[in-house]
Amino acid sequence: MQHQEHETTREVYALGSYAVQSDTKREAATSTTDDEQRRISRIGTLLRYIGVGILVVGIGCFMFQRWGISDHLERYFLFLGFTASVCGAGLWCGLKIDENKGARTLLGAVVALIPVHCSQLGAMLFSQVASCDDRFCNGAYIPVYLRWNPGSWGTTLLTVAVGLGVLAPMAYLSYSVLARRYALPLCAIGFGISSLLMIPSRDPMVVGIILVGGALATILSERRFGSIAELSTREAVLARAVPFGALCMLVGRQCYIYGASSFLLGILAAIGSVGFLGAAATAAPRRWLMKPLEALSLGCTILAGVYCADGIVDAVGLQRTIAYPLTMGLLTAFSLSAVGLRAQAIPATFQYAAASTILLTGVGELLETSLYNPAASLVALGFGILAFWWGSLIEKRSILMSGLVLTALALLETIKVSLTYLPVGWLTLGILGVVTIVAASYFERNFGRLKARMSVWRNEVMQWE
């Protein structure tokens, strides 16, 4: 009996040992399979990247080469068919092969092609309203590979209708796969910003205004969707990036073909200012990074004010008048002050730069004062008072005193010019005499109170920087 029990015990130990060895082998086999799956996944990802690269190169070649195709309609509908085939391939990957990564990559490519389609359709519309010949369009040279002229107005409108009618459902389907719950708003903002490329105008002022509207809409959209965790995947980021791509194409087309005006450069600088300020706010935990980013924003703000003012004055035709420095100084100063309200690291620097701009503008107007330009002294007087007020607002003693000096000099220059201009010289003397008498009476009547207020104010000013 004991012998049988020993035999049974040995058999149990043997079975247990075999089971342990089997489990170890199974785990090793499973581990090997996981490694193989990782390698296969890496290879698949690499192949997808290669495919996307080839796709981008092919689209670039289509955009910038004619490939022997002379008919514009044939060229566009060929591209539309290609986009439809990419969408079909994405659906095939998802429904038949049951492989989601490839499907999302291909449908993401369809989304990325929306601005390209709108750019081509916009070129067709522009060809109908612009004066174009074999080489030039509205005075600008259009390369052969960027010309899109389908012929008559009827053909153009039909092409646009068909293109948008085919592209819209494909785009919505692609957005639904990339960001299911937010497909409709993302599709609307992507299509809406891309459609700005279809506006048939190449005037730099109009393009600048369009760019401002598109940038504001894009920023508001990003503020809404940027913090949603579901939209942080690669494909969702691509869907959110479509408006940025459309705006870049709008700027690139205008600068490359038609040239960038001062106003457009100012708009780009303003967008850069907002961008750097937003980047500084994002980098709030790293204080050392915020200051240089906000300094870049300050520089872009100054450029934006100067360039936009130059573009506005040039469009209105106010060069070589007092309106030129007036517009430039006020626009730059108020831009610096407005952006400085959102700054966190160097807000005082923005306000100091704004006050300095006002002061320098007033000095420039004062230097331009002459018998033939008497109003410049009045403008300088206004800038002196504004600089004085701004200096007291931001508590900068240097700005306040400079504004006070500029006000005094501008007032003296205004009196001098008024006296020199004989028709109103007597009136100036009369007004000056009345003001002097009234001021003397007020000073004598309220001397004690004025002295106390000046003492308190002087003590406060001496504590400012």
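This passage describes a cavity, a salt bridge, a surface patch and several residue positions in a predicted model.

The interior was examined for enclosed space. Rolling a probe the size of a water molecule over the atoms shows where empty space is left. One cavity of 30 Å³ or more is present. The largest cavity holds about 40 Å³ of space. Its lining consists of L186, I189, T218, S221, E222, R240, P243 and F244. Three helices each supply at least two of these residues: α6 (183-194), α7 (204-225) and α8 (234-258). By class, four lining residues are nonpolar, two are polar and two are charged. Among the residues of the lining are R240 and E222, and this pair also appears in the search for salt bridges.

Side chains of opposite charge can pair when their charged atoms come close. In the whole structure, the search returned one salt bridge. The partners are R240 and E222, and their closest N and O atoms lie 2.3 Å apart. R240 belongs to helix α8 and E222 to helix α7, so the salt bridge ties together parts that are 18 residues apart in sequence. The two partners were also assessed for exposure. R240 has a relative accessible area of 14%, so R240 counts as buried because the cut-off is under 20%. E222 has a relative accessibility of 24% and is therefore partly exposed.

Helix α6 was examined further at I193. This residue lies in helix α6. I193 is buried, with a relative accessibility of 6%. Its C-alpha atom is 8.3 Å from that of V242, although I193 and V242 are 49 residues apart in sequence.

The surface was then searched for patches. F77, L158, V162 and V166 make a nonpolar surface patch of about 310 Å². Helix α5 (residues 153-178) gives the most to this patch, with three residues. V162 is found in helix α5. V162 is partly exposed, at 33% relative accessible area. A patch residue must have over 30% relative accessible area, so V162 passes this cut-off.

Further positions were taken from other helices. C118 sits in helix α4 (residues 114-129). Its relative accessibility is 0%, so C118 counts as buried. The C-alpha atoms of C118 and V160 are separated by 9.0 Å, and the two residues are 42 residues apart along the chain.

S337 is placed in helix α11 (residues 323-340). S337 is also buried, with a relative accessible area of 15%. Between the C-alpha atoms of S337 and A355 the separation is 8.6 Å, for residues 18 apart along the chain.

V405 is found in helix α14 (residues 397-420). V405 is partly exposed, with a relative accessible area of 46%. The cut-off for exposed is over 50%, so V405 does not count as exposed. V405 and F388 are 17 residues apart along the chain, and their C-alpha atoms are 9.0 Å apart.

In summary, helices α6, α7 and α8 each supply at least two residues to the lining of the largest cavity. The salt bridge between R240 and E222 joins residues of α8 and α7. On the surface, the nonpolar patch of F77, L158, V162 and V166 draws the most from helix α5.

How values were computed. Residues numbered from 1 in each chain as written. Predicted model: local features only at pLDDT ≥ 70, side-chain atom pairs only at ≥ 80, totals over all residues. Heavy atoms only, no water. Patch = residues over 30% accessible without salt bridge, like charges linked within 9 Å, V, L, I, M, F, W, Y side chains within 5 Å. Areas by Shrake-Rupley, 256 points an atom, 1.4 Å probe, with all protein chains shown as cover. Salt bridge = Lys/Arg side-chain N within 4 Å of Asp/Glu carboxyl O. Helix = DSSP H or I, 4+ residues; strand = E, 2+ residues; numbered from the N terminus. Buried < 20%, exposed > 50% of the residue type's maximum accessible area, 1.4 Å probe, protein only. 1 Å grid on protein atoms, 1.4 Å probe; cavity = no way out; pocket = protein on both sides within 12 Å on 5 of 7 lines; lining within 4 Å. Points joined across faces, edges and corners; volume = space filled by probe spheres on them. Nonpolar A, V, L, I, M, F, W, Y, C, P; charged D, E, K, R; others polar.
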